[in-house]
Amino acid sequence: MKPFPAIPRRAAALLTALLCALVLAPAAARADNPIVQHIYTADPAPLVHNGRVYLYTGHDEDNSTWFTMKEWRVWSSDDMVNWTDHGSPMNLATFSWAKQDAWAGQAIERNGKFYWYVPVVNRATGRMAIGVGVADSPTGPFRDAIGRPLVENGEIDPTVFIDDNGQAYLYWGNPNLWYVRLNADMTSFSGSPTQVPLTTAGFGSRSGDANRPTLYEEGPWVYKRNGLYYNVFAAKCCSEFIAYSTAPSPTGPWTYRGTVMPTQGGSFTNHAGIVDFKGGSYFFYHNGALPGGGGFTRSVAVEKFTYNADGTIPTINMTTGGAPQVGTLNPFARQEAETIAWGSGIETEPASEGGMNIGWIENGDYVKVKGAAFGSGARSFSARVASAGSGGTVEVRLDGPNGTVVGRCGVSGTGGWQTWTTVSCPISGATGTHDLYLRFTGGSGYLFNVNWWQFTA
Ligand code: FUB
């Protein structure tokens with residue numbers, strides 16, 4: 001079964017042309033935003049765990065004309081530019097009571113378990129409720145932790161936070177803002193949901209909507225830094241911008257602090273997630289940047305930023321360049337083919353050998369992996385491939401899809417799209433650190449799938 005999402009495929013052709021133009025103009029900025037190019041993603045929620053950043057997102061269906069969302073997706077990176085696709089470890093079917101709307105959530109780790117709070121429509125009531133998935137790994141698989149909604153009041157967009165004293169809080173809401181104290185099990189709570197007073201001092205002033213006098217709209221993201229509590233949220237509607245408030249305690253009182261990200265980017269919603277990672281601070285958001293993109297076909301992106309000395313957040317603008325790479329990628333370690341800085345024309349799917357593979361590869365498609373450190377040189381390249389067709393060639397290129405060819409690996413048919421074999425070829429001229437492009441060539445139709453690749457020194 002090979003779904004063929006029309007817009008991303010057309011988008012890929014446009015992006016190929018765009019990237020070629022960028023590559024031919026060396027002074028042009030790199031394009032690493034949005035983070036994912038092969039599907040539409042929304043509502044980013046980053047989580048740092050064991051030296052990697054895990055990114056939990058929604059998935060806007062192709063050609064959506066509403067927030068048509070059936071599953072959540074997980075991505076991870078150890079350098080903020082090369083992102084591994086972990087597929088969809090949680091979807092509407094995870095929650096037997098859920099009807100629709102796999103909307104914005106957040107995951108958190110506690111005592112070795114990962115809890116993912118998400119809003120979905122409760123089939124029994126027709127109202128938005130918050131469910132909680134649990135897993136033993138940040139990439140799942142997640143199961144319904146309690147078999148019913150954790151909390152239900154028709155409102156959305158949970159964010160979760162554990163204070164230094166171990167007390168966990170769940171906040172959520174649109175049009176109101178609520179919180180509840182979670183118990184240490186993270187799947188039950190004490191007391192009743194409490195409504196945060198939406199005062200203009202706390203959340204700014206909105207004009208023109210008597211029902212919503214403050215800027216608070218939805219998508220809260222609550223965290224603590226240097227003893228100060230931050231609530232970063234989607235403000236005003238529509239289009240939204242990202243604003244924030246701070247407080248001396250997790251329950252307020254909140255003071256409005258202004259804009260983080262102005263209205264930009266071709267999506268009438270935006271949704272923020274902030275983490276610190278390897279000494280830097282990162283702001284995740286979404287926009288409509290991919291071809292075919294818009295309010296219901298969004299894409300997640302990231303910017304690096306620095307807090308002002310007084311703890312305030314600077315204004316952050318959307319860029320196509322994205323965050324700088326943290327370190328380099330080791331091409332001599334086995335790398336998943338679905339670890340990608342920029343993909344053109346490819347799709348991903350679960351691989352029979354575990355993890356994901358890239359597929360739906362046609363002549364001229366490619367993946368870019370940023371900042372591969374070859375050091376004093378690579379001698380050979382191996383790739384795990386499968387093809388129910390007649391195969392093709394993996395062109396190993398440096399610094400652009402039409403850059404220097406340092407090797408070519410032939411791929412023959414293997415008799416199935418999940419019938420895997422390893423092909424190898426000599427490499428010459430790959431020294432130092434380069435952006436690595438695996439460009440796929442061959443005849444018509446789908447050529448082959450790739451599960452992983454690795455160079456030898
Ligand atoms: O993705 C569906 C909804 O759009 C989210 O729950 C909101 O935060 C907005 O981004």
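## A walk through the structure

Let's start on the inside: the largest nonpolar core has 47 residues, and Tyr56, Trp72, Trp116, Val232, Ile274, Phe283 and Ile313 have the most contacts inside it. A nonpolar core here is a set of buried Ala, Val, Leu, Ile, Met, Phe, Trp, Tyr and Cys residues joined through side-chain atoms within 4.5 Å. Buried means under 20% relative accessible area, exposed means over 50%, and partly exposed lies in between (1.4 Å probe, protein chains only). Strand S7 (residues 113-121) gives this core its largest share, five residues. Apart from it lies another core of 32 residues, with Ile361, Val385, Leu436 and Trp453 among them. In soluble globular proteins, nonpolar side chains tend to be buried together.

A quick word on what you're looking at. This is a predicted model, where local features need pLDDT of at least 70 and side-chain atom pairs count only at pLDDT 80 or more, while totals for chains, interfaces and linings use all residues. Residues are numbered from 1 along each chain as its sequence is written, and side-chain values use heavy atoms, with hydrogens and water left out.

Now step back. The protein has two helices and 33 strands; these are DSSP runs (helices H or I, at least four residues; strands E, at least two), numbered from the N terminus. Of its 457 residues, 59% are buried. The C-alpha atoms fill a box of roughly 65 × 45 × 40 Å along the principal axes. A compact globule with 457 residues would have a radius of gyration near 23 Å, and the protein's 22 Å agrees with that. That radius is taken over C-alpha atoms, and the globule rule is 2.2 Å times the number of residues to the power 0.38.

Next, the largest pocket, which holds about 500 Å³ of space. Which residues are closest to its centre? Of the 20 that line the pocket, they are Phe161, Tyr223, Lys224, Ile274 and Val275. On a 1 Å grid over the protein atoms alone, a pocket is an open set of points where a 1.4 Å probe fits, with protein on both sides within 12 Å along at least five of seven lines, and lining residues have an atom within 4 Å of a point. Grid points are joined across faces, edges and corners, and the volume is the space filled by probe spheres set on the points. S15 gives the most to the lining, with five residues. The lining divides into 14 nonpolar, one polar and five charged residues. Ile274 ties two parts of our tour together: it's listed for the core and for the pocket centre.

For a close-up, try Gly58 in strand S2 (residues 52-60). At 3% relative accessibility, Gly58 counts as buried. Leaving aside neighbours within four places in sequence, Gly58 is in contact (heavy atoms within 4.5 Å) with Tyr40, Thr41, Ala42, Asp43, Met69, Glu71 and Trp72.

Finally, some backbone oddities. The peptide bond from Asn33 to Pro34 is cis, with omega near -5°, and Pro34 sits in the loop between helix H1 (6-24) and strand S1 (40-49). Another cis bond runs from Cys237 to Cys238, with omega near -15°. Lys236 isn't a glycine, yet has a positive phi of about 60°; Lys236 is partly exposed, at 32% relative accessible area. Asn226, also not a glycine, has a positive phi of about 50°, and at 71% relative accessibility Asn226 counts as exposed.

Key: Ala, Val, Leu, Ile, Met, Phe, Trp, Tyr, Cys and Pro count as nonpolar, Asp, Glu, Lys and Arg as charged, and the others, Gly among them, as polar.
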